[in-house]
Structures are given as structure tokens and as C-alpha cells.
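Please open the model in your viewer and keep the sequence panel beside it. The stops below follow one another as selections, each with a short account of what is found there.

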Amino acid sequence: MAPKDPKQSGGFFASIASGLSNFGSAMSKSVTGLMGYEGLEVINPEGGTEDVEEEATKGRWKQEDRDSYWKMMQKYIGSDVTSMVTLPVLIFEPMSMLQKMSELMEYAHLLELADKSEDPYMRMMYSASWFISVYTAFNRTWKPFNPILGETYELANYHGITFISEQVSHHPPIGAAHAENEHFAYDITSKVKTKFLGNSIDIYPVGRTRLVLKRDGVVLELVPPPSKVNNLIFGRTWIDAPGEMVLTNLTTGDKVVLYFQPCGWFGAGRYEVDGYVYNSSEEPKILMTGKWNESMSYQPCDSEGEPLPGTELKEAWRVIKGPENDKYQYTHFAHKVNSFDTAPKKLLASDSRLRPDRYALEKGDLSKAGFEKSSLEERQRAEKKNREASGHQFTPRWFDQTDEICPTPWGDLEVYAYNGKYTEHRAAVDSSNSDEVTDVKLTEFNPWQYENLASA
């Protein structure tokens, strides 16, 4: 039996899907009457086609900044701009991408529920809900800083989790992360691919994500949907993630297929997620529905995908309410990610928290943040030039490049594997008897493996 597609099902999700089938292209409109910007699409996610001219005047860009940015960027339309363009700090949030990778840990209690579950399909449901939960962080429209080669991020003092991420490659930009506690082990190699479209950008998650639930040793693999950032230049920036998320149990063959609805007229379908947990015979066992920025619910279903009689829709996950009027729309957990309260003993000098550009932006000093960002990028280029001239090769500290090439829907990926050295390092540091007390904030950011080359 073929898997039921929530977009085509005649059952539970049919009425939702049919109402959205024609929305996608109808809600966009080209900017007109503005010299030099003809053809750029502006989309108001809460409106229709009549108010896009007004929407085009909104957003965080000043007129002069917008004009300058467009003159620089228009030659890149249709290109992958992942690491080609230097962007102004006014569109950044005070966080590195390595830190943002850790925000998936906020709702790690879902993995404890998954690991303890006796029902294999409930196990898949909780795991899928965990992966969906991170989209509340990705819904922020500020850009995180691109990590410097060798930069790291450590998260401690949260649900017994050990988390380490590292920028393992600069060209192409690749980050790797490992997280673990008594219930799970999580590993990701992430390489983003983009397509710049003028007033929007498509983001393709070229990555390999594995999750091991420790009690039974089951291995889950995730393929997430692509994302689209709308209104980069004109209008208020917003993010959509239309497409399928597939979570496969490599041990049993069970899987979860969830469809992220595209945003339609006046916000119809925005954030909505619908789909099923399937057994290895591709029969639906549990239906899932919700919004990726709010909550996910589930209900047992029959082989046609219809809710079983006598059952009810139950909530699996709900987003925790964040601080009011937060400048960067941070959650309470995002503030913890930036805080030294979640830093382990003797924080690595390569940690993202110590970046001077990030810290300056957090304090509201855009001028200093821009200067420090440029200084770090210049030093990174100088180190690369001198390192290569001396015949040296960069080697990640906590991850090893493997011979495995992972195919994804958007291209092949070089896989990096956690080498276990960070666990050994952290155990040695935590067991040391040193009573030395230092202000970690005074530590100079140092991701460089070749300090003598960086300063040459």
C-alpha cells in the first residue's frame, strides 16, 4: 500500500489541502512604479494582492541601505549566495549559527518520552514533534552570524545534555554538532545551499541528521523541508517552510511524513503541519496535525487515515511563551543559549559567546559590531592564506571527516562524525581539582588553530 499523502487524502486533511492548492502564486505581486526595482516580488503573508504596494514600504531597511544593498546584490540573482556576500549587521541577531543549532535542545523532554515509550509509533510521533519544535527558532527573521572556521559552541547545565558544535569547513561552509544525554544521541552535518531570487531567498538544508534513542538503540534519520525567506529588501521579512518532512526509522522501517502547508492569501494555511506516522508496511497508524510555531497534536487512526472511534486528539507539544516585546523575538531558551549560565567549566576560547561582534550587537553597538565582524573575516582570510602557503591543512578538533558521501534531495554532502574527544576533554576538565576562578567574559575569542599564521 502506498503511503497516504495528506495533500491528496480524501479523509481528515482533505478539506484543508484543497483550500490551499491554488494559493501559492496568487498572493505575490511585483513592485511597480519604483525605478530600478521592477520585477521584484513583495508578499504580505497577512494580506492579498491589493496591499503589496504599501507593504513594499515597510521593513527594517533604511532607504539608503536598501538601495546600496540592491545595487550590490542584483548581479547574484539565481545564484547560491551562502558565502559570497558580506551583509550589514543591521539584519543580524546576536547569535552564531552554531548557537542556533543548539536551540533544538529546548524541548529535549520529548526525546525522553520517545525513548521511554513502549509503543513504536508513539516513539516516532514524539521524535517528529521534537524536530518540528525547532522551527519556532527558525521563524525569527534575523540572520545569525556565519561561524568562523574552528569556532565552537558548548551547551551545558540543561537536561543533562552535553552539546558541542564546530565549524568544520569554511568553503563550503559546513557545521557539525553532537548532543547526548542518557536517553538519546543526536548528530548532524549541515551544509546550507541557497538560491537568491531578488526579494527572497530559497534555503535548501543539505544535511545529514541522525538520532539514536538509547533504550532500544533505534536509529532515526531526518529529511527536512526547504525554507523560503520572503521580503528581503522590500516589506517585512518573513519565513515559510513549504514541503515535506520525512523522519525514517532505519531500524524498523517505520516513518513519519508531514506536510508543511504553504502560506496562502490572508495567511491561510500559514504554519500548518499535517501528516501521519506509518508502519513499515506504509499503513498510517497515527495522524499528526498542528502549527509549527504553536503546537502539535496526535490521534490514532485507521488504515484509511481516519481517527479511530473512541479516541481524541491529544496535544504532544506546545511552544513555551517567550518574553514580551523582545527585540530579536528570542525565546527564554534562546537567551540561555547566549548566556554564560549555560557555559561549562573552563569554556573553550573558540566559543561563539566570546565573539566580539556578537557581544557588541547584543549590547546594541552596531558600529562596533560591524567593525569587529569585518576584523574577524579579514583575519580568517589572512590565516587561510598563510596556512596554505605554509602547507598546513585545517583539521577539526571534535569531528572527523569520513569517507561517507550522503545524497540529499539538494546535493551530496561530506559527512563529519563526532570523534568522542570532546567527551574526554569535558570529563577531564570537570574532574580537575582546580579552584581557579576567572571571569570567562574576559577570555579573548580564539578559534584559530594557527595563531602564528593568523598574525603573520
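Begin by selecting strand E9 (residues 200-213) together with E10, which pair in the antiparallel sense over five bridges; strands pair here if DSSP finds at least two bridges between them, and both helices (H or I, at least four residues) and strands (E, at least two) are DSSP runs, numbered from the N terminus. Within this pairing, Thr 209 has Leu 222 in E10 as its bridge partner. The two strands form a hairpin with four residues between them, and Gly 217 in the turn has a positive phi of about 75°.

This is a predicted model, in which local features need pLDDT of at least 70 and side-chain atom pairs count only at pLDDT 80 or more, while totals for chains, interfaces and linings use all residues. Residues are numbered from 1 along each chain as its sequence is written, and side-chain values use heavy atoms, with hydrogens and water left out.

Stay on E10 (residues 218-223) and show its side chains. In a regular strand the side chains alternate between the two faces of the sheet. In E10, Val 218, Leu 220 and Leu 222 point to one face and are buried, whereas Val 219, Glu 221 and Val 223 point to the other and are not; buried means under 20% relative accessible area, exposed over 50%, and partly exposed in between, with a 1.4 Å probe and protein chains only. Now add strand E13 (residues 243-249), which pairs with E10 in the antiparallel sense over four bridges, and note that Leu 220 stands opposite Asn 249 in E13.

Next, select strand E5 (residues 152-155), both faces of which are covered: Thr 152 and Glu 154 on one side, and Tyr 153 and Leu 155 on the other, are all buried. E5 runs antiparallel to strand E6 (residues 162-169), to which four bridges join it, and Glu 154 stands opposite Ile 164 in E6. The hairpin of E5 and E6 has six residues between the strands, and Asn 157 there takes a positive phi near 60°.

From Ile 164, move to His 178, which is found in strand E7 (residues 174-180). Is His 178 buried or exposed? His 178 is buried, with a relative accessible area of 6%. Leaving aside neighbours within four places in sequence, His 178 is in contact (heavy atoms within 4.5 Å) with residues including Thr 162, Phe 163, Ile 164 and Phe 399. Phe 399 is 221 residues from His 178 in sequence, yet the two are 9.0 Å apart in space, C-alpha to C-alpha.

Then select helix H5 (residues 109-116) and helix H6 (residues 120-133), which pack at an angle of about 165°, with their axes 8 Å apart. Because of that angle, H5 is roughly antiparallel to H6. Show the side chains at the interface, where Leu 110, Leu 111, Leu 113 and Ala 114 in H5 meet Arg 123, Tyr 126, Ser 127, Ser 129 and Trp 130 in H6.

Finish on Tyr 121, which lies in helix H6. Not counting residues up to four places away in sequence, Tyr 121 touches Asp 254, Val 277, Asn 279, Lys 285 and Ile 286. Pro 284 is 163 residues from Tyr 121 in sequence and 9.7 Å from it in space, C-alpha to C-alpha.

Note on methods
Axes fitted to C-alpha atoms, helices over the stretch in contact; angles between N-to-C directions. Parallel < 35°, antiparallel > 145°, perpendicular 65-115°, else oblique.
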